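User: Could you walk me through how the chains in this assembly fit together? I'd like to see the reasoning behind each answer.

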Number of protein chains: 4
Amino acid sequence: MKIKIFVTGGTFDKEYDEIKGILFFKKTHLSEMLKLGHCKLKFDVTTLMMKDSLHMTDEDRNLILENCEKIDEDKIVITHGTDTMAETAKVLGRSIKDKTVVLTGAMIPYKFGSSDGLFNLGSSLAFVQVLPPGVYVSMNGRYFNWDNVRKNKETGKFEELNEISSQP
Amino acid sequence: MKIKIFVTGGTFDKEYDEIKGILFFKKTHLSEMLKLGHCKLKFDVTTLMMKDSLHMTDEDRNLILENCEKIDEDKIVITHGTDTMAETAKVLGRSIKDKTVVLTGAMIPYKFGSSDGLFNLGSSLAFVQVLPPGVYVSMNGRYFNWDNVRKNKETGKFEELNEISSQP
Amino acid sequence: MKIKIFVTGGTFDKEYDEIKGILFFKKTHLSEMLKLGHCKLKFDVTTLMMKDSLHMTDEDRNLILENCEKIDEDKIVITHGTDTMAETAKVLGRSIKDKTVVLTGAMIPYKFGSSDGLFNLGSSLAFVQVLPPGVYVSMNGRYFNWDNVRKNKETGKFEELNEISSQP
Amino acid sequence: MKIKIFVTGGTFDKEYDEIKGILFFKKTHLSEMLKLGHCKLKFDVTTLMMKDSLHMTDEDRNLILENCEKIDEDKIVITHGTDTMAETAKVLGRSIKDKTVVLTGAMIPYKFGSSDGLFNLGSSLAFVQVLPPGVYVSMNGRYFNWDNVRKNKETGKFEELNEISSQP
């Protein structure tokens, strides 16, 4: 069993440009993170794009969908910005029925030391191995079905559509 | 659904004593790690002991077993030293049939910055939610049944009993 | 001998707002950094402002000058954004002749884990103890007189006015 | 002006062996730390030995002394274990009169993330540039003359011989 990991950008992979004083994308830290986690799963990482998910277009989402469909692997983890992760999950969920796809991301860049990224990567790689075919979002230690998830913009936490928000 | 987390010590929670220059246990970092992971699962942490797993006795293992059995929760994560994790898994696995129990640990202390602990914690909390009742070890991004796992002392990696070791 | 530390903001103290995805100021990390450095000097920290130095005005610089002049201590370290640190040094250097004042900062926020801030703080506290009265900038392990320093915008390094830039 | 840096080991450079669960020396992290500090001084790093200072012998101290004497540079920083740093300072201080030598170290290994090492390195590189010829210890943000310094074994802090210890 090999797991395919698609990188699309998001806070996960943002870095700090010390000359300009801004956040930017250079390259993905997925391999570094998997090494840090002592991960011994068979996996394969491909970068599809490096985008803030606020800038993701319909074309971008179709590209992700096409790539999920055309590969042989039926277990796929996608790293993605959190702001429109639920939206991309919907595009994938409507079409993909015979593979397990887990989208995950981070609220704080991995390079900033105190990131939730490594925790989320561990969770999503576990979920993708065990959950039945379908499209899921994995954040905050939980998993959500593609058609029942949103990011709460105020708390930054993911929740089910009918969930009553508790404290941030 | 609430997840019970039992802390038993292990490299996970070791710290550096700067006066004596040795590693020691002070208190668990589980709550700090779950906060770092932005974890929003319902969970409850109880420290059963703080031991290097090389010093764990039969009595210690029975204490862990009793605690797993007597609580109401049927999803349990146990943090444990890696050296005898497989041994404790056997003690639990022979007796516990109706709960999902996942043992996990770390090769590098969480406080040392470059630990695999956060990754393993993410994995084990995901596995415990989705795997059927039984006792498992979760390390290196993988999960193992209690009766088919060992730590490879040379590579430091966990593997199935009949697994041919690959590179460290 | 007590050292006065004035905080004025700068990259040093910037943090990441995980909800908005931007850098911002909350509070200074000076005390935390001095504790991390096991600093046993007698010191006293006062926050004068929390500003990106690109937004610093003549009034801000006068406020810093007044505060340096009115206090009893004659050894002063000022944390400051790097972009206009040389400019503030000039304002202070023209007026202050009987105290040792060292301005320092960081290229990467302290909270991002891989910051030069702790190194610079160590340097500037050493320089302020030993250098004769005058106003100095302490960056990149070096010290510069207030009337002979600039930040090289391309390399991000500080240099003397007549210095030939080497590699970044 | 070029600064010579001699590495002799100490907590500074200790690492964690994840297979054996012990602290050990691999190679020095000095260059990595100087890069992190954005240091632009002219310097040159030579490893003389990699020893816990509790294991340092008279021969080791003589080797350090000889190396300080035979090089051209008259500004020297020595990284050293803290337990016998004051002892080595005495050996050097009795003989070296025309160079500025600063010994420094760390209470917590650099690789553990929350080390005082970077702060101490910044301090010692500043002191070595400005202090008059002589041998000094630089720890806790302070500098001490070679003949008036000891490590307080209880607090882990350095102090003058007649200093009344305050809180740890």
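Analyst: Happy to; this is a predicted model, and the questions below cover symmetry, interfaces and cysteines.

User: By what turn can chain B be laid on chain A?

Analyst: The superposition gives an RMSD of 0.0 Å, with a shift of 0.0 Å along the axis. That is the relation of a two-fold axis, and 100% of the contact residues of chain B recur in chain A, the same surface serving both copies. The turn is 180°.

User: How much area is buried between chain B and chain A?

Analyst: Let's start with who takes part: chain B and chain A bring 31 residues each to the contact. Carbon and sulfur atoms give 70% of the buried area. The total comes to about 2,600 Å².

User: Which three residues of chain B supply the most area against chain A?

Analyst: No other three residues of chain B supply more of the area that it buries against chain A. Their share is 29%. The trio is B:His38, B:Lys40 and B:Phe119.

User: How many residue pairs are in polar contact between chain B and chain A?

Analyst: Salt bridges can be set aside here, since the rule finds zero of them across this interface. Polar contacts are another matter, counted with both residues at pLDDT 80 or more. The count is eight residue pairs.

User: And how much area is buried between chain B and chain D?

Analyst: This contact takes 16 residues from chain B and 16 residues from chain D. Carbon and sulfur atoms give 58% of the area. On the side of chain B, B:Tyr16, B:Glu18 and B:Phe112 lose the most, together 42% of what that side buries. The area for the pair of chains is about 1,300 Å².

User: How many residues on the side of chain B that touches chain D are nonpolar, polar and charged?

Analyst: Between chain B and chain D there are zero salt bridges, and zero residue pairs in polar contact with both at pLDDT 80 or more. The residues of chain B on that side still include charged ones. They divide into seven nonpolar, five polar and four charged.

User: Which cysteine sulfur is nearest to that of B:Cys39, and how far away is it?

Analyst: A search over all chains finds zero disulfides, and B:Cys39 is accordingly in none. B:Cys39 is also buried, at a relative accessible area of 10%. The nearest cysteine sulfur belongs to B:Cys68, 19 Å away.

User: Why is D:Cys39 without a bond to its closest cysteine?

Analyst: D:Cys39 is buried, with a relative accessible area of 10%. A disulfide needs sulfur atoms within 2.5 Å. The closest cysteine sulfur, in D:Cys68, is too far for a bond because the separation is 19 Å.

Methods:
Residues are numbered from 1 along each chain as its sequence is written. Chains are lettered from A and ligands numbered from 1 in the order in which they are written. This is a predicted model: local features need pLDDT of at least 70, side-chain atom pairs count only at pLDDT 80 or more; totals for chains, interfaces and linings use all residues. Side-chain values use heavy atoms; hydrogens and water are left out. Copies are superposed by least squares on the C-alpha atoms of residues with pLDDT of at least 70 in both. Contact means heavy atoms within 4.5 Å. Buried means under 20% relative accessible area, exposed over 50%, partly exposed in between (1.4 Å probe, protein chains only). Buried area is the accessible area (1.4 Å probe) that two parts lose on being put together, summed over both. A salt bridge is a side-chain nitrogen of Lys or Arg within 4 Å of a carboxyl oxygen of Asp or Glu. A polar contact is a pair of N or O atoms within 3.5 Å; within protein, one must be able to donate a hydrogen and the other to accept it, and residues adjacent in sequence count only if both atoms are side-chain atoms. Ala, Val, Leu, Ile, Met, Phe, Trp, Tyr, Cys and Pro count as nonpolar, Asp, Glu, Lys and Arg as charged, and the others, Gly among them, as polar.
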